Amino acid sequence: MQEFTGKTVVVTGAAGNLGRATAVAFARRGARLALIDLDPDALQSAQNALPKGCESAIFATDLLDPAAVSTMIAGVMDRFGAIHVLANIAGGFAMGPAIHETTDAQWDSLMDLNLRTVFNCCRAAIPEIPEWSGGRIVNVSARAAVRGAGHMGPYCASKAAVITLTESLADELKHRGITVNCVLPGTLDTPQNRAAMPDADHDTWVPPDALAEVILFLASDAARCVTGAAVPVYGRS
Ligand SMILES: NC(=O)c1ccc[n+]([C@@H]2O[C@H](COP(=O)([O-])OP(=O)(O)OC[C@H]3O[C@@H](n4cnc5c(N)ncnc54)[C@H](OP(=O)(O)O)[C@@H]3O)[C@@H](O)[C@H]2O)c1
C-alpha cells in the first residue's frame, strides 16, 4: 500500500507542465486521478503518460464555466465516489502594459485564469470532500504574489489573491479536517520559459517534478497539521 492508495486526486491544468508532473507523482504513489484541462487531446496525451496500472479519467472542462465545473465534479463523483485531494494547478502568466494603460480585458483575463478557476473548482468540489478523511486542497500561487513588479500588475494581484483565498478556505475548513495550502513557485524549468529566456541560468529554476513533490507533501498525512500556508519554492533563482 502506498501513501495515496484509495485516494482520489483531482488535478487541474493536468495537460500543462506542472499538472503533468504532479499527476505522474501522485500516480506513482497509488492515487486514482481525475485529470482536468481544456483540450481533450492534450489531456489524452497526459493520461497516456501516467504509469501503467494507474486508475484515471480525463474531463475536458473550461474552469471558467461554473456549470461545466459542476458537471465535471459530478462526473468525478460518479466515476470515483469521492474526492480527497484537489490540486488547483491551472493558471498562467502574461506581461502587460503599465497599470494605467491596462484594459478591462487584460485585467479580467488574468484574474479569471488564476483566481476564478480556483474559486470555481473549490466551490464545486468542497461539498464532495469528506470530513476527517485526509481532505486536502493545494493551490498554486507564485513568488510574484509577494513582490509586485512592473508590467505584471494583474498577474501579481491575481496570484496574491490566491494566497488570501487559501487562508480563508483554510479557516473555513479546519474544523472539517480539510487542509488548504498554496505553493509559491519561482520560475519553473519549462520548455516555454527556456524559449522565452534562452540566456538565463536554467539550473537555478524549479523543475516541475521538484515542485510536484512539495504539492504531494502538502497533500500527505505528514502535512496534516499544516493549513493556510504559502510555501515558497524558489529553487536558486
Ligand atoms: N511556469 C512558471 O514559471 C510558473 C511560475 C510561477 C507559477 N506558475 C503557476 O504554476 C501553474 C502551472 O504552470 P505551468 O507552467 O505548468 O502552466 P501550463 O503549462 O500553461 O499549464 C496550465 C494549464 O492550465 C490550462 N488552463 C488554462 N485555462 C484553463 C481553463 N479555463 N480551464 C481549464 N484549463 C485551463 C492550460 O490550458 P491551455 O494551454 O489550453 O490554455 C494549461 O494546460 C500555473 O498556475 C502558473 O501560474 C508557473
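## An exposed tryptophan in a loop

Trp-132 is exposed, because its relative accessible area of 60% lies over the 50% cut-off for that class. The residue belongs to the loop that runs between α4 and β5, a strand covering 135–140. Its phi angle is near 55°, which is a positive value in a residue other than glycine. The model described here is a predicted one.

## A second residue with positive phi

His-151 also has a positive phi, near 65°, and is likewise a residue other than glycine. Its place is the loop between β5 and α5. With a relative accessible area of 44%, His-151 is partly exposed. That class applies because 44% falls between the limits of 20% and 50%.

## The ligand and its pocket

Where does the ligand sit? The ligand occupies the largest pocket. There, 27 residues surround the ligand, and the closest are Leu-18, Asp-37, Ile-89, Leu-188 and Asn-193. Sorted by class, the shell consists of 13 nonpolar, eleven polar and three charged residues. Three helices each supply at least two residues of this shell: α1 (17–28), α4 (104–125) and α5 (153–173).

Several polar atoms of the protein lie close to polar atoms of the ligand. A polar backbone atom of Leu-18 is 2.8 Å from an oxygen atom of the ligand. In the side chain of Asp-62, an N or O atom is 3.0 Å from a nitrogen atom of the ligand. For Gly-92, a polar backbone atom is 3.4 Å from an oxygen atom of the ligand. The ligand taken alone exposes 890 Å², of which the protein buries 78%.

## Two buried residues of helix α4

Helix α4, one of the helices that supply residues to the shell around the ligand, contains Val-118 and Cys-121. Is Val-118 buried or exposed? Val-118 counts as buried, because its relative accessibility of 1% is under the 20% cut-off. Along the chain, 29 residues separate Val-118 from Ile-89, and their C-alpha atoms are 8.4 Å apart. Ile-89 is itself among the closest residues to the ligand.

Cys-121 is buried as well, with a relative accessible area of 1%. How far apart are the C-alpha atoms of Cys-121 and Val-69? The separation is 6.6 Å, although the two residues are 52 residues apart along the chain.

## A cysteine in helix α5

Cys-156 is part of helix α5, another helix that supplies at least two residues of the ligand shell. At 6% relative accessibility, Cys-156 counts as buried. That 6% is under 20%, which is why the residue falls in the buried class. From Cys-156 to Pro-198 the distance in space is 23 Å, C-alpha to C-alpha, and the two are 42 residues apart in sequence.

## Strand β3 and helix α3

Ser-56 lies in strand β3, which spans residues 56–60. Its relative accessible area is 12%, so Ser-56 is buried. Which side chain does Ser-56 meet in a polar contact? The partner is the side chain of Gln-47, and the contact is 2.9 Å long.

Ala-68 is found in helix α3, residues 66–80. Ala-68 is partly exposed, with a relative accessible area of 22%. The residue is not in the buried class because 22% is not under 20%. Ala-68 and Glu-55 are 13 residues apart in sequence, and their C-alpha atoms are 23 Å apart in space.

Definitions and conventions. Residues are numbered from 1 along each chain as its sequence is written. This is a predicted model: local features need pLDDT of at least 70, side-chain atom pairs count only at pLDDT 80 or more; totals for chains, interfaces and linings use all residues. Side-chain values use heavy atoms; hydrogens and water are left out. A residue is near a molecule or strand if one of its heavy atoms lies within 4 Å of it. A polar contact is a pair of N or O atoms within 3.5 Å; within protein, one must be able to donate a hydrogen and the other to accept it, and residues adjacent in sequence count only if both atoms are side-chain atoms. Accessible areas come from the Shrake-Rupley method with a 1.4 Å probe; for residues, only the protein chains shown count as cover. On a 1 Å grid over the protein atoms alone, a cavity is a set of points where a 1.4 Å probe fits but cannot get out, and a pocket is an open set with protein on both sides within 12 Å along at least five of seven lines; lining residues have an atom within 4 Å of a point. A molecule sits in a cavity or pocket if more than half of its atoms lie within 2 Å of its grid points. Helices (H or I, at least four residues) and strands (E, at least two) are DSSP runs, numbered from the N terminus. Ala, Val, Leu, Ile, Met, Phe, Trp, Tyr, Cys and Pro count as nonpolar, Asp, Glu, Lys and Arg as charged, and the others, Gly among them, as polar. Buried means under 20% relative accessible area, exposed over 50%, partly exposed in between (1.4 Å probe, protein chains only).
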